[in-house]
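Visitor: I'm new to this one, and I'd like to learn how to read it. Could you put it up and walk me through it?

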Amino acid sequence: VEIPEPHAIFSSDAASGSIAAGEGKVISIYIQNVGSTTMRSPMVTVTPSDGLMITDSQSAYTLNDIRPNQSGVVMVSVKAVDKIASASQSLSAKLDFYYDNGTNATASGSASGSVNVPAKVTPAFVFSKVTSSTRYG
């Protein structure tokens, strides 16, 4: 009997507060295995949206095996750019893993998700120069 590829649900603690321009923050990304077999040697690759930078030395994280109905967590250090244009920032996560598909072979699987990172938009300053000239003549 062939075992189907496990599925993952991605969630985060990032919604607990907005990140401001230039601010650093550690965001936990949770990966829950909602399948019926263990995700083996899971690796998560994280990609930030335009308003965020990853400040860790890597953007790929190796986790311990994730058993069915269990979760793994990745702690990602991010920093907001100096000028945030959109309040809707995110971290995209791609998960690659191996699993036992019920045959003698080990199968590879993957899942993708995204977590929202609320941000404070940098106000746009508008400078206007007012000049007046009066001529007497």
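Visitor: Which strands form an open sheet with antiparallel pairing, and in what order?

Guide: A quick word on the source: this is a predicted model, where local features need pLDDT of at least 70 and side-chain atom pairs count only at pLDDT 80 or more, while totals for chains, interfaces and linings use all residues. Residues are numbered from 1 along each chain as its sequence is written, and side-chain values use heavy atoms, with hydrogens and water left out.

Guide: Now the general idea: strands of a sheet pair through backbone hydrogen bonds, either parallel or antiparallel. Strands here are DSSP runs of E, at least two residues, numbered from the N terminus, and two of them pair if DSSP finds at least two bridges between them. One open sheet has four strands in the order β1-β2-β6-β4, with antiparallel pairing. Its edge strands, β1 and β4, each pair on one side only. From one strand to the next, the twist averages 35 degrees; the axes behind such angles are lines fitted to C-alpha atoms, and angles run from 0 to 180 degrees between N-to-C directions.

Visitor: How many bridges join β2 to β6?

Guide: Nine, and the two strands run antiparallel. Within that pairing, Lys25 sits opposite Val78 of β6, and Gly24 has Lys79 as its bridge partner. Strand β1 (residues 8-12) is joined to β2 (residues 24-33) by five bridges, with Ile9 facing Gln32. On the other side of β6, three bridges link it to β4 (residues 52-54); there, Leu52 is partnered with Ala80.

Visitor: Which residues make up the covered face of β6, and which the uncovered one?

Guide: Gly72, Val74, Val76, Val78 and Ala80 are on the covered face, while Ser71, Val73, Met75, Ser77 and Lys79 are on the uncovered one.

Visitor: Is Val78 buried or exposed?

Guide: Buried means under 20% relative accessible area, exposed means over 50%, and partly exposed is in between, using a 1.4 Å probe and protein chains only. Val78 has 2% relative accessibility, so it counts as buried. For contact, the cut-off is heavy atoms within 4.5 Å. Leaving out residues up to four places away in sequence, Val78 touches a list of residues including Ile19, Lys25, Met53, Ile54 and Leu91. Here's a nice case of chain folding to look at: Val78 and Gly22 are 56 residues apart in sequence, yet 9.9 Å apart in space, C-alpha to C-alpha.

Visitor: What is the order of the strands in the open sheet that includes β7?

Guide: That sheet also has four strands, in the order β5-β3-β7-β8, with antiparallel pairing. β5 (60-62) and β8 (106-118) each have a single partner strand, so one side of each is left without a neighbour in the sheet. Ignoring direction, neighbouring strands are turned by 20 degrees against each other on average. In the middle, β3 (residues 40-48) and β7 (residues 88-100) pair over seven bridges, and Thr47 stands across from Ser92.

Visitor: How many residues are in the largest nonpolar core?

Guide: A nonpolar core is a set of buried Ala, Val, Leu, Ile, Met, Phe, Trp, Tyr and Cys residues joined through side-chain atoms within 4.5 Å. The largest one here has 31 residues, and those with the most contacts inside it are Phe10, Ile31, Val76, Leu91 and Leu95. At least two core residues come from each of β1, β2, β3, β4, β6, β7 and β8, and β7 gives the largest share, five residues. Take Phe10: among the residues it touches are Ile31, Leu95, Ala111 and Val115.

Visitor: What does the side chain of Asn33 reach?

Guide: Polar contacts are pairs of N or O atoms within 3.5 Å; within protein, one must be able to donate a hydrogen and the other to accept it, and residues adjacent in sequence count only if both atoms are side-chain atoms. The Asn33 side chain reaches the backbone oxygen of Ile66 at 2.9 Å, and one of its polar atoms lies 2.9 Å from the backbone oxygen of Thr37. Asn33 belongs to β2 and is buried, at 0% relative accessible area.
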